[in-house]
Amino acid sequence: MAKFPDFLLKNLPVSAPVTPQSGSGFLVFSVIRRNEETNENFWVGAVPVTGDAPLPVFLQVSRYWVRTFGNAVLESPHIFVEFDENSTITFWQAIQEKDTPVT
């Protein structure tokens, strides 16, 4: 399991320290970041934790993942994630709102 990369916290709208904690919830914020030194891509988000500031979570992703899922995770109104004690996203689901007329 990967340790939370410290550079990902720079300029994020989260104030919670990264603490060993697993859980799940809906993202309130997410971005895709690239580490220019290592050429690694990361999807970074924040999940509200009861009584605390949002907890930053992340997933290391490939360029293919960014091309395939990038728009879905950044444009979807609701993203549900599960994460482990290292704040690594282990499962995610994009939830779309659909308005279907009743006929």
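**Entry 1: the β5/β6 hairpin**

I began with β5 and β6, which run antiparallel and are joined by six bridges. This is a predicted model: I accepted local features only at pLDDT of at least 70 and side-chain atom pairs only at pLDDT 80 or more, while totals for chains, interfaces and linings use all residues. Residues are numbered from 1 along each chain as its sequence is written, and side-chain values use heavy atoms, with hydrogens and water left out.

For the element names I used DSSP runs, numbered from the N terminus: helices are H or I of at least four residues, strands are E of at least two. Two strands count as paired if DSSP finds at least two bridges between them.

I looked up one pair in this ladder: His 78 has Ile 95 in β6 as its bridge partner. Five residues separate the two strands of the hairpin. Ser 87 sits in that loop, between β5 and β6 (89-95). Its phi is positive, about 70 degrees, although Ser 87 is not a glycine. Most residues other than glycine have a negative phi. Is Ser 87 buried or exposed? Ser 87 is buried, at a relative accessible area of 0%. My cut-offs here: buried is under 20% relative accessible area, exposed is over 50%, partly exposed is in between (1.4 Å probe, protein chains only).

**Entry 2: the sheet around β5**

Next I traced the sheet that holds this hairpin. It is open, has three strands in the order β1-β5-β6, and pairs antiparallel. β1 (23-26) and β6 are the edges; each has a single partner strand, so one side of each has no neighbour in the sheet. The twist averages 10 degrees from one strand to the next. Angles run from 0 to 180 degrees between N-to-C directions, with axes as lines fitted to C-alpha atoms, for helices over the stretch in contact.

Four bridges join β1 to β5, again antiparallel. Ser 24 has Glu 82 in β5 as its bridge partner.

**Entry 3: the other sheet**

I then checked β2, β3 and β4. They form an open sheet of three strands in the order β2-β3-β4, with antiparallel pairing. β2 (29-35) and β4 are the edge strands, each pairing on one side only. Here the twist averages 25 degrees from one strand to the next.

How many bridges join β3 to β4? I found seven, and the two strands run antiparallel. In this pair, Val 47 stands opposite Leu 55 of β4.

Asn 39 caught my eye in the loop between β2 and β3. Asn 39 is not a glycine, yet its phi is positive, about 60 degrees. Asn 39 is partly exposed, with a relative accessible area of 48%.

**Entry 4: the helix**

The chain has one helix and six strands. Along the sequence I read β-β-β-β-α-β-β. α1 lies across β2, β3 and β4, at about 160 degrees to β2. α1 also lies across β5 and β6, at about 55 degrees to β6.

After the helix I stopped at Ser 76, in the loop between α1 and β5. Ser 76 counts as buried at 10% relative accessibility. A polar atom of its side chain lies 2.5 Å from the backbone oxygen of Ala 72. Beyond four places in sequence, Ser 76 is in contact (heavy atoms within 4.5 Å) with Asn 71, Ala 94, Ile 95 and Gln 96.

**Entry 5: the cores**

I looked for nonpolar cores: sets of buried Ala, Val, Leu, Ile, Met, Phe, Trp, Tyr and Cys residues joined through side-chain atoms within 4.5 Å. The largest has 14 residues, and Leu 27, Trp 43 and Val 81 touch the most other members. β3 (40-47), β4 (55-61), α1 (63-75) and β5 (78-83) each supply at least two of its residues. The largest share, four residues, comes from β4.

I followed Leu 27 further. Leaving aside neighbours within four places in sequence, Leu 27 is in contact with Trp 43, Gly 45, Ala 46, Val 47, Val 57, Ile 79 and Val 81. There is a second, separate core of five residues, including Leu 8, Phe 42, Val 44 and Phe 58.

**Entry 6: whole-chain figures**

Of the 103 residues, 35% count as buried. Among contacts with a separation of 6 or more, 49% are between residues 24 or more positions apart.

Notes
Polar contact = N/O pair within 3.5 Å; in protein donor to acceptor, adjacent residues only side chain to side chain.
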